[in-house]
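This briefing concerns the strand pairing, the nonpolar core and one covered helix of a single model. Please read it alongside the sequence and the coordinates.

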Amino acid sequence: MKTTYIKSIVLMVSVFLVSSCKDLTELNKNPNGVDPTTANPNLVLSTVLTETGRSFVSLNYDQIIGGLMQHTQKDGWSGDHNDYDWGQNNSWSGWYTILTNNQYVYDRAVALNYPLHQGVSLVMKSMIFGLITDLWGNAPYSYAVKASLGGSENIFPAFDSQEDIYTGILADLEKANTLLSKAKAEYNSNIDIPDVYYAGDPTKWRKLANSLALRYYMRISDKKPEVAKAGIEKIIANAAQYPIMTVATEDATMAFAGNSSADSWPANTRDDASESNYRRIKMCNTLVKAMLNVNDPRLGVWANKVKTPLVIDASLPAKSDFIKEGKRFLSPDKVAGIPIDTNQNYVGLPVSLLAGASYNMSPTAAQGADNPHVSWLNTMYKSPKGDLLKARLMSAAEVHFILAEAALKGWAAGDAETHYKDAIKASFTAWGLASAYAAYVAQPKVTFDKTQKQIIEQKWIASWTAASEAWFDYRRTGFPELKTGPQGKREVLPVRFYYMLDERNLNKANADIAINKLEATTYSAADGKNSAWSKPWVIQGGKKPW
């Protein structure tokens, strides 16, 4: 099987032989089929947008990144989620499939002279290629999704350098900014129906394009500081020419229809009558404690309170263990030597804990069990859809955090404190907590202290269900200062995905070149350079995150 970023088109034609004087070289056309040379690009654009949103949530919530960045932990079947035991099977094939469809949208848009579709497809191309290079490092880019053109260079594409991919992304976003610069009525096409992000609003798509540019300028800020500084300052100095996302209503989000497992929140109950998928994912105590430390009301939106809090009472007789008024009372001897969290409201699972299912005196050790002594996720997360159950691909909160960090560097990006506060406000608004914002930022522990650490830690909290951005910030800054748990595969967090085995077998020569360009570290160990602990270009030569 060829790697799935290779574009493959199979035409099935039935030829019926009949007694006729007609030219038998003339093929019958399927009246029910779709001709890719004449189809409306909207037919494919909807798939590009929905598959991107669905894949993004899966990556960041119920699969790997939520556990990696210690937003969540699983109480069973948890090796990849909790312990970074990834192996070499994390594939980019799904993302390249989306890129193949997106390329079709772009090509048809060019043929039809649809600038709105062109701009949107360039934004999606930039977002997905950005994610691929952020996750793996060097990757097929210039020759990707071109296999239908033939030639070995297209069928077995070389891996572009991470630096070149970022450069290409920024160039495409600049082009998209121009293509999306007209009012909606001026376009000769529309994307209202398939556009599940912005309902065909070119202004919001343009703001997303320029906001993504800010993301990638900050991503390369340590490797190419002058380029990053100039790029960010250009955007901020020319607000009319480069509009950006500033408020939560401009967030790039996708709601879930909830009609089937394919269009439902990952832990939906339609295909999971026992709710085991929902119950298996718990809050991580790293995030819980960080939010409790600053009285963060978003915790109550994302998690349920502990059903039955624990109370250790030294006045009780030995071996006491009983439930009273909704609490479980225990004498000290019942918990001697056992890690216990007696917070009366929220308790998360510790990182990479071997006995996660039985943590905090759980009455059963079964994974996904009804442990009443830890916080479950908010009940909305067992539903197939809901007002807050959205794929959050980029937010105004992220934009303001980027600009706060840029301003802190001394770049002409506005006032750092103002952006820091606007970032928190945008996040609170997105989660229905606008009225709680003022009291939150007035707390001494939240008051802006002019440090990158505080900006990134708040950004990490705000990245709930979109934790990949937090991971990429962690690699670059070392914040938040996360520690691994007792079952972690290494004593530090990984910084990339392995190149998958299929790619190494099918496109070996090019994969080997890419692997050799990784920077091996002390933690690469027996994996060699193709390790989750080897550094890609964007963080090579530095001491961060470790």
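An open sheet of 3 strands has the order 6-8-7 with mixed pairing, where strands are DSSP runs (E, at least two residues) and helices are DSSP runs (H or I, at least four residues), numbered from the N terminus; two strands pair if DSSP finds at least two bridges between them. The model is predicted: local features need pLDDT of at least 70, side-chain atom pairs count only at pLDDT 80 or more, and totals for chains, interfaces and linings use all residues. Residues are numbered from 1 along each chain as its sequence is written, and side-chain values use heavy atoms, without hydrogens and water.

**Strands**
- Strand 6 (310-312) and strand 7 (321-324) are the edge strands of this sheet, each pairing on one side only.
- Strand 6 runs parallel to strand 8 (residues 327-330), joined by 3 bridges, and Val 311 stands opposite Phe 329.
- Elsewhere, strand 4 (residues 252-255) pairs with strand 9 in the antiparallel sense over 4 bridges, with Met 254 opposite Ala 391.

**Nonpolar core**
- The largest nonpolar core (buried Ala, Val, Leu, Ile, Met, Phe, Trp, Tyr and Cys residues joined through side-chain atoms within 4.5 Å) has 154 residues.
- Helix 5 (residues 115-136) supplies the largest share of this core, 12 residues.
- Met 69 is among the residues with the most contacts inside the core; beyond its neighbours within four places in sequence, its contacts (heavy atoms within 4.5 Å) include Trp 460 and Trp 471.

**Helix 16**
- In helix 16 (residues 452-462), 8 of the 11 residues are buried, that is, under 20% relative accessible area with a 1.4 Å probe, protein chains only.
- Trp 460 is one of these buried residues.
- The buried residues of helix 16 pack against several helices, including helix 11 (285-293) and helix 17 (468-477).

Methods. Buried means under 20% relative accessible area, exposed over 50%, partly exposed in between (1.4 Å probe, protein chains only).
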